[in-house]
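Visitor: I am new to this structure. Could you take one small part of it, look at it closely, and then follow its links outward?

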Amino acid sequence: MSQRRVQIVILCEDRQQEVFARYFLKKRGFTGRLRAEICPPGSQSGEQYVRSQYSAEVKAYRQNKNRVSIGLVVLIDADTDTSQERLNQLANGLREASQENRQSDEAIAIFVPKRNIETWIHYLQGEPVNEEDTYSKFLKNEASCKPYVENLADQCRSQNLPEDAPDSLQTACGELERLLPLLE
């Protein structure tokens with residue numbers, strides 16, 4: 001694959017999600033500009049922020065996609081909801097903003113860790129996890145996930161994610177496919 005310059009907007013809840021996304025995308029070959037839109041600390045819950053900003057980011061993506069090579073990556077924790085419920089909430093936000101649902105040919109990838117991004121990171125570090133419990137955060141050490149996230153990117157590339165990986169993480173590898181045409 002050629003290395004085309006691509007702009008990716010990362011809409012996420014917190015710094016940990018941003019760091020995770022950056023390492024993952026860079027390892028998968030995205031060399032262009034990565035711009036993060038992160039929930040300002042103390043302003044509202046992270047998932048609320050992502051839901052409130054999603055339709056505006058989708059609109060901006062759609063206005064620019066024919067002019068520049070651009071993608072949108074959305075990270076939003078499922079928390080105690082299901083991943084599908086979180087996706088439905090995002091789709092409802094588009095509908096309320098009089099926009100079409102996300103189309104299969106759009107470079108809009110939505111990653112919904114269940115319960116949260118830390119579930120994925122703890123799993124990638126070799127710990128047994130489930131998608132119901134809350135796992136400890138990596139405050140002020142968000143970058144410690146780098147080798148694990150890079151390994152995940154390789155596993156997704158080779159379609160070799162272990163069968164015991166959390167369901168939401170397996171789904172995320174599939175979501176990546178929406179972005180890969182940007183690298184062609």
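Guide: Start with two cysteines: Cys156 and Cys173 are both buried. Keep in mind that this is a predicted model. Cys156 and Cys173 are joined to each other in a disulfide, with 1.8 Å between their sulfur atoms. The angle about the S-S bond is -50°, and the link of Cys156 and Cys173 is left-handed. Now place the two ends. Cys156 belongs to helix α5 and Cys173 to helix α6, so the pair ties together parts 17 residues apart in sequence. The count for the model is one disulfide.

What about other cysteines? Take Cys12. Cys12 is in no disulfide. Its nearest cysteine sulfur belongs to Cys39, 9.3 Å away. A disulfide needs sulfur atoms within 2.5 Å, so that distance rules the link out. Cys12 has a relative accessible area of 0% and is buried. Cys145 is also in no disulfide, and the nearest cysteine sulfur, that of Cys12, is 12 Å away. With a relative accessible area of 1%, Cys145 is buried. The limit for buried is under 20%, so that value qualifies.

Cys12 leads on to the strands. Across from Cys12, in β2, stands Ile38. Strand β1 covers residues 7–12 and strand β2 covers residues 34–38. The two run parallel, and five bridges join them. Between them the chain goes through α1, making a right-handed β-α-β crossover.

Now look at Ile8. The largest nonpolar core has 55 residues. Ile8, Tyr54, Leu152 and Leu179 are the members that touch the most others. Leave out residues up to four places away in sequence, and Ile8 touches Leu25, Phe30, Arg33, Leu34, Arg35, Gly71, Val73 and Leu182.

Next, go to helix α4. What surrounds this helix? Eight of its eight residues, 117–124, are buried, so α4 is largely enclosed by the rest of the structure. Those residues are Ile117, Glu118, Thr119, Trp120, Ile121, His122, Tyr123 and Leu124. They pack against several elements. Two of these are strands, β3 (70–75) and β4 (108–111). The others are helices: α1 (15–27), α5 (146–157) and α6 (167–175). Recall that α5 holds Cys156 and α6 holds Cys173. That brings the disulfide back into view, since both of its helices appear among the partners of α4.

Pick out one residue of this helix. Thr119 lies in α4. Its relative accessible area is 0%, so Thr119 is buried. Setting aside neighbours within four places in sequence, Thr119 is in contact with Lys114, Val129, Asn130, Glu131, Asp133 and Tyr135.

Then turn to the rings. There are two aromatic pairs. In one, the rings of Phe20 and Trp120 have centres 5.7 Å apart and planes at 50°, so the pair is tilted. Phe20 is in helix α1 and Trp120 in helix α4, so the pair ties together parts 100 residues apart in sequence. Both Phe20 and Trp120 are buried. The other pair is Phe24 with Phe111: ring centres 6.5 Å apart, planes at 65°, so this pair is edge-to-face. Phe24 sits in helix α1 and Phe111 in strand β4, so this pair ties together parts 87 residues apart in sequence. Phe24 is buried at 6% relative accessibility. Phe111 is buried too, at 7%. Helix α1 thus supplies Phe20 to one pair and Phe24 to the other. One general point helps here. An α-helix has 3.6 residues a turn, so residues three or four places apart point the same way.

Finish with two glycines. Just after α4 comes Gly126, with a positive phi of about 95°. Gly29 lies in the loop between α1 and β2. Its relative accessibility is 11%, and Gly29 counts as buried. From Gly29 to Glu127 is 98 residues in sequence. In space, their C-alpha atoms are 28 Å apart.

Note on methods:
Residues numbered from 1 in each chain as written. Predicted model: local features only at pLDDT ≥ 70, side-chain atom pairs only at ≥ 80, totals over all residues. Heavy atoms only, no water. Buried < 20%, exposed > 50% of the residue type's maximum accessible area, 1.4 Å probe, protein only. Helix = DSSP H or I, 4+ residues; strand = E, 2+ residues; numbered from the N terminus. Contact = heavy atoms within 4.5 Å. Phe/Tyr/Trp six-rings, centres within 6.5 Å; stacked < 30°, edge-to-face > 60°. Pairing = 2+ DSSP bridges. Right-handed = clockwise from strand over helix to strand, strands pointing away. Core = buried A, V, L, I, M, F, W, Y, C linked by side-chain atoms within 4.5 Å.
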